[in-house]
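Take a look at the sequence and the fold below. The report that follows covers how the chains meet, where empty space lies and which local features stand out.

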Amino acid sequence: MVNEQGKNSIKLEYEIIKDDFSRAGEASSNIKKVLRQLGIDSKAIKKVAIATYEAEMNIVIHSEGGKITVFISPDDIEIIAKDNGPGIKNIDKAMEEGFSTASNKVRELGFGAGMGLPNIKRYSDEFHIESNIGEFTMLKIKIYI
Amino acid sequence: MKTIEIMQLLNAECLAGESLLDMEVDHAFGCDLMSDVLAFINEKTLLLTGLTNPQVIRTAEMTDINVVVFVRGKKPVKEVIDLANKNNMILLSTNHILYTACGILYANGLKGIPSRGGA
């Protein structure tokens with residue numbers, strides 16, 4: 001945990017590994033614990049927990065691995081989830097509830113129902129998604145405290 | 001409803017959190033789709049599921065669900081039980097199928113969550 005991005009902000013950063021289902025969720029669990037220790041409002045914590053967990057699962061399931069960075073400021077919590085490709089072909093489609101490209105193995109774990117990105121958007125106060133085919137997908141999420 | 005009553009109604013075995021069985025739950029949600037659990041969260045909700053992987057515990061943790069009932073006699077591996085213990089969760093296992101387990105709890109007054117829970 002280091003102070004960065006100005007005076008009153010705390011930065012957390014986690015490496016997320018592709019296909020590592022046994023550890024998937026650890027980063028989100030840690031983020032939730034830190035927010036609790038900081039005494040952040042429980043409703044905001046729940047929104048952050050769900051958004052980061054869905055983002056973390058997305059990186060594990062769909063990407064070549066990536067990183068989740070969280071900036072905790074007095075007014076909001078910003079989450080940046082950036083992976084190393086393959087990128088999303090059709091973002092509008094990916095944002096539709098029920099649309100999914102997940103494998104059967106992932107569906108057996110209870111994911112891949114096409115709810116991930118819509119869920120993240122629902123719990124975010126600000127939501128931005130950007131993707132370059134073959135390069136990366138990046139989510140920028142803000143939740144107000 | 002107290003978790004101990006749920007355990008008795010479902011003739012369930014307690015796999016984790018035995019000392020917490022006094023804990024109250026207000027609503028229940030039966031589902032094998034973790035993304036749906038994340039979409040329909042609510043306070044003091046009991047989750048009934050046939051899945052036993054670590055993502056069930058993580059999903060419960062993120063949504064503040066403290067009680068999980070595994071149906072069809074399913075039991076998770078030790079790592080999953082350890083993860084639940086670490087998060088102060090109660091894990092129960094019942095031989096009933098999901099539909100029957102939900103039916104028993106509903107008939108005894110435990111309601112489902114509203115169709116779209118908010119954050």
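How do the residues of the lining of the second largest pocket divide by class? There are 3 nonpolar, 3 polar and 6 charged residues. This is a predicted model, and every value below is computed from it.

**The second largest pocket**

The second largest pocket has a volume of about 190 Å³. Its lining draws on chain A and chain B. From chain A come K32(A), K33(A) and R36(A). From chain B come A60(B), E61(B), D64(B), I65(B), N66(B), K86(B), N87(B), N88(B) and M89(B). Two elements give two or more residues to this lining: α1 of chain A and α3 (54-62) of chain B. The most comes from α1(A), with 3 residues.

Two of these lining residues, K32(A) and D64(B), also meet through their side chains in a salt bridge. The distance is 2.5 Å, N to O.

**Where chain A meets chain B**

That salt bridge leads on to the interface. Here 27 residues of chain A are in contact with 24 residues of chain B. The area buried between the two chains is about 2,100 Å². Carbon and sulfur atoms give 54% of this area. On the side of chain A, K46(A), Y53(A) and Y123(A) lose the most area to chain B. Together they make up 26% of what that side buries.

Polar links cross the interface as well. The rule finds 3 salt bridges between chain A and chain B. The count of residue pairs in polar contact is 13, with both residues at pLDDT 80 or more.

Which elements of chain A give two or more residues to the side that touches chain B? They are α1 (26-37), α2 (42-62) and α5 (116-123). Of the elements, α2(A) gives the most, with 8 residues. By class, this side of chain A has 11 nonpolar, 5 polar and 11 charged residues.

**The largest pocket**

The largest pocket has a volume of about 780 Å³. It is lined by 41 residues. Closest to its centre are N58(A), H62(A), I88(A), A94(A) and T101(A). Six elements of chain A are listed as giving two or more residues to the lining: α2, β4 (76-83), α3 (91-94), α4 (104-108), α5 and β6 (136-144). The largest share, 7 residues, comes from α2(A). So α2(A) has two roles to follow on screen. The residues of this lining divide into 20 nonpolar, 14 polar and 7 charged.

**Closed cavities**

A probe the size of a water molecule, rolled over the atoms, shows where empty space is left. By this rule the count comes to 2 cavities of 30 Å³ or more. The largest is lined by F29(B), V37(B), F40(B), I41(B), N42(B), T45(B), T63(B), I65(B) and I113(B). The lining of the second largest cavity is M23(B), E24(B), V25(B), K44(B), T45(B), D64(B), I65(B) and N66(B). T45(B) and I65(B) appear in both linings.

The table sets the cavities side by side.

| Cavity | Volume | Lining by class |
|---|---|---|
| Largest | about 50 Å³ | 6 nonpolar, 3 polar, no charged |
| Second largest | about 30 Å³ | 3 nonpolar, 2 polar, 3 charged |

D64(B) lines the second largest cavity. D64(B) also lines the second largest pocket.

**Salt bridges over all chains**

A search of the whole structure finds 12 salt bridges over all chains. One of them joins the side chains of K18(A) and E64(A), at 3.3 Å, N to O. K18(A) lies in the loop between β2 (10-16) and α1 of chain A, and E64(A) in the loop between α2 and β3 (66-72), so the pair ties together parts that are 46 residues apart in sequence.

**Backbone features**

Most residues other than glycine have a negative phi, and most peptide bonds are trans. Two places in chain A are worth checking against this. D19(A) is not a glycine, yet has a positive phi of about 60 degrees. D19(A) is found in the loop between β2 and α1 of chain A. K18(A) of the salt bridge lies in the loop between β2 and α1 as well.

Which residues does a cis peptide bond join? They are G85(A) and P86(A), with omega of about 15 degrees. P86(A) is found in the loop between β4 and α3 of chain A.

How values were computed
Residues numbered from 1 in each chain as written. Chains lettered and ligands numbered in written order. Predicted model: local features only at pLDDT ≥ 70, side-chain atom pairs only at ≥ 80, totals over all residues. Heavy atoms only, no water. Contact = heavy atoms within 4.5 Å. Buried area = accessible area lost by both parts, 1.4 Å probe. Salt bridge = Lys/Arg side-chain N within 4 Å of Asp/Glu carboxyl O. Polar contact = N/O pair within 3.5 Å; in protein donor to acceptor, adjacent residues only side chain to side chain. Helix = DSSP H or I, 4+ residues; strand = E, 2+ residues; numbered from the N terminus. Nonpolar A, V, L, I, M, F, W, Y, C, P; charged D, E, K, R; others polar. 1 Å grid on protein atoms, 1.4 Å probe; cavity = no way out; pocket = protein on both sides within 12 Å on 5 of 7 lines; lining within 4 Å. Points joined across faces, edges and corners; volume = space filled by probe spheres on them.
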